[in-house]
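Student: I am new to this structure, and I would like a close look at its contacts. Please take me through them slowly, with each term explained as it comes up.

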Amino acid sequence: MLNSSTALRSRAWVDVDLQALKRNLLRVRDAAGAGTSVVPMVKADAYGLGAARIWPALAEALAPDGPWGLGVAALVEGEALRRDGWTGRVVVFSPLPPGELTRAAAAGLAPCFSDLHALRAWAELAAETGRRLPFQLEVDTGMGRAGLPWSEAAAWGAEVVRIGGDLLVWEGCYTHFHSADEPDLAPTVEQWRRFREALVQLPPEENGAPRRLLHCANSAATWRCGFDADLVRPGIFLYGGRAGPDTEPEAVAALRARIALVREVPPGTTVGYGATYAASGPERWGTLAIGYGDGLPRRLATAGGEALVHGRRVPMIGRISMDVTVVDLTGVPEAADGDVATLIGRDGAEEITVDEVASRCGTISYEILTGLGTRLPRVYSTGPARGAAD
Ligand SMILES: *Cc1c(COP(=O)(O)O)cnc(C)c1O
């Protein structure tokens with residue numbers, strides 16, 4: 001097929017299946033149940049897949065109402081959503097450095113606060129601008145990186161109400177689980193207990209004030225816990241990463257590269273920095289146009305990394321370079337220059353999942369996806385899933 005995606009698929013790229021993304025979102029929404037709204041997390045450029053194209057697809061999947069809001073981690077991500085035309089709520093979940101509050105107010109973002117000092121600064125901005133500004137409050141129940149302490153809610157709760165006064169709108173209260181994807185859910189249940197214990201200490205909403213929305217679930221907790229809350233905040237599951245031992249999303253991203261060069265090599269030929277691999281007999285090697293400079297983890301090759309070529313698994317040999325990776329194509333005699341190799345994704349009956357790559361590298365799917373480099377065009381498909389072949 002000759003279209004604009006052909007040019008994008010000339011070297012190495014990421015295929016993004018927007019239909020699979022939407023199906024994953026609808027599965028999460030159904031798991032969350034009626035009466036619970038979804039706040040898709042699109043931080044880190046939608047887990048590396050390109051927020052500018054991801055959020056419209058997510059909004060379309062939840063039409064006509066759309067998502068309750070979108071979740072980001074940084075001011076610049078919220079500002080980008082505004083530039084791209086998203087007019088709904090944007091919640092910035094990571095604590096904003098103090099110097100960013102003015103811009104957050106200008107962009108109409110809702111920060112999450114973990115300390116009263118920052119909340120006071122937000123209230124002052126509201127007074128200056130003459131607009132009631134929204135915010136959320138994080139309760140720390142064990143994550144330890146942000147949030148007000150759960151056990152002291154009676155003290156800070158009253159103070160939050162006093163600071164907010166008529167200047168701020170307290171939209172929600174949440175906590176974040178540290179182990180919802182672990183086999184043992186006891187720590188998560190304990191965090192939920194602490195969260196609820198904090199909530200009952202908070203002053204009730206004033207008459208006429210909107211109810212503060214409660215939320216706690218990431219992807220894993222949405223699937224596995226079923227805690228009763230107003231919102232859920234899924235991320236990784238939408239993008240095709242597993243969220244705990246028993247939840248299988250549809251793959252969304254595929255990482256592909258062209259075979260730039262195929263060579264027959266005599267026994268003893270070495271490959272890559274350090275010459276860590278030598279051909280044991282006559283072999284056929286393929287040089288893939290992708291390296292760690294594209295986000296392919298360098299340690300993958302020494303951890304049994306493989307690629308799919310013509311639907312078959314082939315081993316990476318030697319070390320991954322910044323720009324290229326060599327595979328042994330001896331077992332795939334029909335492989336030729338220009339053919340597509342799949343580093344993550346499906347080719348024929350074979351599939352390499354992002355979780356497989358992550359576990360080989362001793363990390364998590366999140367790090368693999370968010371590490372995909374800017375040299376890789378993201379190629380979006382809205383039709384049936386595209387294979388490795390042209
Ligand atoms: C990233 C994030 C999520 C989403 O977590 P996943 O494990 O990707 O589903 C939810 N809530 C907060 C506060 C986050 O930072």
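Tutor: A salt bridge is a side-chain nitrogen of Lys or Arg within 4 Å of a carboxyl oxygen of Asp or Glu. The side chains of D323 and R375 form one, with N and O 3.0 Å apart, and it belongs to a structure that holds 26 salt bridges. This is a predicted model, in which local features need pLDDT of at least 70 and side-chain atom pairs pLDDT 80 or more, while totals for chains, interfaces and linings use all residues. Residues are numbered from 1 along each chain as its sequence is written, and side-chain values use heavy atoms, with hydrogens and water left out.

Another salt bridge joins E248 to R242, with 3.1 Å from N to O. E248 counts as partly exposed because its relative accessibility is 47%, and R242, at 32%, is also partly exposed (buried is under 20%, exposed over 50%, partly exposed in between, with a 1.4 Å probe and protein chains only).

Turning to the ligand, 13 residues surround it, each with a heavy atom within 4 Å, and the closest are K43, Y47, S219, I236 and Y366. By class, this shell has six nonpolar, four polar and three charged residues, where Asp, Glu, Lys and Arg count as charged, and Gly is among the polar ones.

Polar contacts, here pairs of N or O atoms within 3.5 Å, link the ligand to the protein at several points. One ligand oxygen atom lies 2.6 Å from a side-chain N or O atom of Y47, an oxygen atom is 2.9 Å from a polar backbone atom of G235, and a ligand nitrogen atom is 3.4 Å from a side-chain N or O atom of H176. Of the 390 Å² of accessible area that the ligand has on its own, the protein covers 92% (Shrake-Rupley method, 1.4 Å probe).

Methods
Polar contact = N/O pair within 3.5 Å; in protein donor to acceptor, adjacent residues only side chain to side chain.
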